Amino acid sequence: MKKVMFISSTGGHLNELLQLKKMFNKYNYYIVTEKTSDNLYLKDKYPNRVSYLIYGTKDHFLIYPFKLFLNCFISLFIYLKVRPNVIITTGTHTAGPMCCIGKLFGSKIIYIETMANIETKTVTGRIIYYFSDLFIVQWESMLKLYPKAKYGGWLY
């Protein structure tokens, strides 16, 4: 059975990612997100199938680079533990290092650009677009920005 890692930052990106939970039963799945009080329930709901990264947004400008650096090492540890065949992500910054690590180790990368963006690219999407195996947008208008993407419609 294929191992599939589902990864995203917390909040709306995680809510979008969890819309894919019907896929969990079809694969040996694993979930990775940022650790916040709002999503600690995931450890109980999906026992032994969840890991957390350090929460950090670009709003914390001085601390963000340090947290990103630490998350790169934590991501490598989680990746080597799980060894997924496929990484599916709805973004954003938390998923970037994991997708890079996964690509280096031969995992297939599926990136789903957030539905929150209708006319602009996300920073992570701009990077992962170039090496993802499948890049999905939720708005047809985004195909102008990502011409090689596939339109998948809304996750909700």
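Begin by selecting Tyr 146: this residue is buried, with a relative accessible area of 0%. The structure on the screen is a predicted model, and the tour starts from this one side chain.

Next, add Tyr 129 to the selection. Tyr 129 is also buried, at a relative accessible area of 9%. How are the rings of Tyr 129 and Tyr 146 arranged as an aromatic pair? A pair of aromatic rings is described by the distance of the centres and the angle of the planes. For Tyr 129 and Tyr 146 the centres are 5.0 Å apart and the planes stand at 50°, which makes the pair tilted. Now look at where the two residues lie in the chain. Tyr 129 belongs to the loop between helix 5 (123–128) and strand 6 (134–137), while Tyr 146 belongs to the loop between strand 6 and strand 7 (150–151), so their pairing ties together parts that are 17 residues apart in sequence.

Extend the selection to Tyr 111, Tyr 130 and Phe 135. Together with Tyr 129 and Tyr 146, these residues form a cluster linked by ring pairs. Within this cluster, Tyr 111 stands opposite Phe 135, which is in strand 6. Strand 5 (residues 108–112) and strand 6 run parallel and are joined by 3 bridges.

From here, display the whole sheet. Strands of a sheet pair through backbone hydrogen bonds, either parallel or antiparallel. In which order do the 7 strands lie in the open sheet? The order is 3-2-1-4-5-6-7, and the pairing is parallel. At the edges are strand 3 (50–53) and strand 7, each of which pairs on one side only.

Switch to a cartoon view of the entire chain. The protein contains 5 helices and 7 strands. Read from the N terminus, the elements follow the pattern β-α-β-α-β-α-β-α-β-α-β-β.

Select helix 4 (residues 95–104) next. Is this helix mostly covered or mostly open? Helix 4 is mostly covered, with 7 of its 10 residues buried. The buried residues are Ala 95, Gly 96, Pro 97, Met 98, Cys 99, Ile 101 and Gly 102. Their cover includes strand 1 (3–8), helix 3, strand 4 (86–91), strand 5 and helix 5. Just after helix 4, click on Gly 106, where phi is positive at about 95°.

Move to helix 3 (residues 64–82) and select Phe 69 and Phe 73. These residues are 4 positions apart in the helix, which means that about one helical turn separates them. Also in helix 3 is Leu 80. Leu 80 is partly exposed, with a relative accessible area of 35%. Use the distance tool between the C-alpha atoms of Leu 80 and Met 5: the separation is 12 Å, although the residues are 75 apart along the chain.

For another kind of contact with a ring, select Arg 49 and Tyr 29. The charged end of Arg 49 sits over the ring of Tyr 29, 4.5 Å from the ring centre.

Finally, zoom out to view the whole protein. The C-alpha trace spans about 40 × 40 × 30 Å along its principal axes. The radius of gyration is 15 Å, which agrees with the value near 15 Å expected for a compact globule of 156 residues. Of these 156 residues, 49% count as buried. A surface display shows the exposed area of about 8600 Å², of which carbon and sulfur atoms supply 60%.

Terms used: Residues are numbered from 1 along each chain as its sequence is written. This is a predicted model: local features need pLDDT of at least 70, side-chain atom pairs count only at pLDDT 80 or more; totals for chains, interfaces and linings use all residues. Side-chain values use heavy atoms; hydrogens and water are left out. Helices (H or I, at least four residues) and strands (E, at least two) are DSSP runs, numbered from the N terminus. Rings of Phe, Tyr and Trp (its six-membered ring) pair if their centres lie within 6.5 Å; planes under 30 degrees apart count as stacked, over 60 as edge-to-face and the rest as tilted. Buried means under 20% relative accessible area, exposed over 50%, partly exposed in between (1.4 Å probe, protein chains only). A charge sits over a ring if NZ of Lys or CZ of Arg is within 6 Å of the ring centre and within 35 degrees of the ring normal. The radius of gyration is taken over C-alpha atoms; the globule rule is 2.2 Å times the number of residues to the power 0.38. Accessible areas come from the Shrake-Rupley method with a 1.4 Å probe; for residues, only the protein chains shown count as cover. Two strands pair if DSSP finds at least two bridges between them. Contact means heavy atoms within 4.5 Å.
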